[in-house]
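This report describes helix packing, pockets and selected residues in a single protein chain. Please view the sequence and the structure together before reading on.

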Amino acid sequence: MNADTIVEYAAAILMVTGGLMSLVSAIGLIRLPDVYTRSHAATKSSTLAVLLTLLGGFLYFWALERFISVRLLLGIIFVFLTAPVAGHVIIRAAHRSGVRLADISKKDELAEAIQQRNEENERRPPE
């Protein structure tokens, strides 16, 4: 077994693991109770799934074709930077528009932080 074969197997394992993580993400979107937990499942596990799949593709082309794909590297960087930020913005917009938490949620820390900030702004003298 040479190094190219080992890297090819590693790339295949990364791609299959990415596919399984994508399946976990889809199950999380279906099974979780509210928009906040669903968004968490969509951003965390699907980001990992895309990163693993793209990394597997990058390793495959690098080992077999001796080709370094800048597109795959840019895709990895782009997904790594934008997906968590997009998830955060979606969750924050849902919270600000009044979407309720699931009944099993114990505490709304964001509401407490917003209320505390509003109280501090009220105590501050106008400029």
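The sections below cover the basis of the report, one helix pair, two pockets and several single residues.

## Basis of the report

The model is predicted, so that local features need pLDDT of at least 70 and side-chain atom pairs count only at pLDDT 80 or more, whereas totals for chains, interfaces and linings use all residues. Residues are numbered from 1 along each chain as its sequence is written, and side-chain values use heavy atoms, with hydrogens and water left out.

## Packing of H2 and H3

Helices are DSSP runs (H or I, at least four residues), numbered from the N terminus. Two packed helices are described by the angle between their axes and the distance between the axes. Helix H2 (residues 35-65) packs with helix H3 (residues 70-96) at an angle of about 175°, and their axes are 9 Å apart. Here the axes are lines fitted to C-alpha atoms over the stretch in contact, and angles run from 0 to 180 degrees between N-to-C directions. H2 and H3 are therefore roughly antiparallel to each other, a term for angles over 145 degrees.

On the H2 side, the residues in contact (heavy atoms within 4.5 Å) include Tyr36, Thr43, Thr47, Leu54 and Phe61. H3 contributes, among them, Leu72, Ile76, Phe80, Gly87, Ile91 and His95. By class, the contact of H2 with H3 has 16 nonpolar, seven polar and no charged residues. In this scheme Ala, Val, Leu, Ile, Met, Phe, Trp, Tyr, Cys and Pro count as nonpolar, Asp, Glu, Lys and Arg as charged, and the others, Gly among them, as polar.

## Two pockets

A pocket is an open set of points on a 1 Å grid over the protein atoms alone, where a 1.4 Å probe fits, with protein on both sides within 12 Å along at least five of seven lines; lining residues have an atom within 4 Å of a point. A volume is the space filled by probe spheres set on the points, which are joined across faces, edges and corners. The largest pocket holds about 230 Å³ of space. Its lining includes Tyr36, His40, Lys44, Pro84, His88, Arg92 and Leu110, and H2 and H3 each supply at least two of the lining residues. Four nonpolar, five polar and two charged residues make up this lining.

The second largest pocket holds about 180 Å³. Among the residues that line it are Asp34, Tyr36, Ile91, His95, Lys107, Asp108, Glu109 and Leu110. At least two lining residues come from each of H2, H3 and helix H4 (109-123). This lining has four nonpolar, three polar and four charged residues.

## Selected residues

Leu110 is found in helix H4 and is partly exposed, with a relative accessible area of 26%; partly exposed lies between buried (under 20%) and exposed (over 50%), for a 1.4 Å probe and protein chains only. Apart from neighbours within four places in sequence, Leu110 is in contact with Arg92 and His95.

Leu29 lies in helix H1 (residues 3-31) and is partly exposed at 39% relative accessibility. Beyond its neighbours within four places in sequence, Leu29 touches Arg38, Ala41 and Ala42 by the contact criterion. Ile27, also in helix H1, is partly exposed at 45%.

Arg66 is placed in the loop between H2 and H3 and counts as exposed at 59% relative accessibility. Most residues other than glycine have a negative phi. Phi of Arg66, however, is positive, near 55°.

Methods. Angles under 35 degrees count as roughly parallel, over 145 as roughly antiparallel, 65 to 115 as roughly perpendicular and the rest as oblique.
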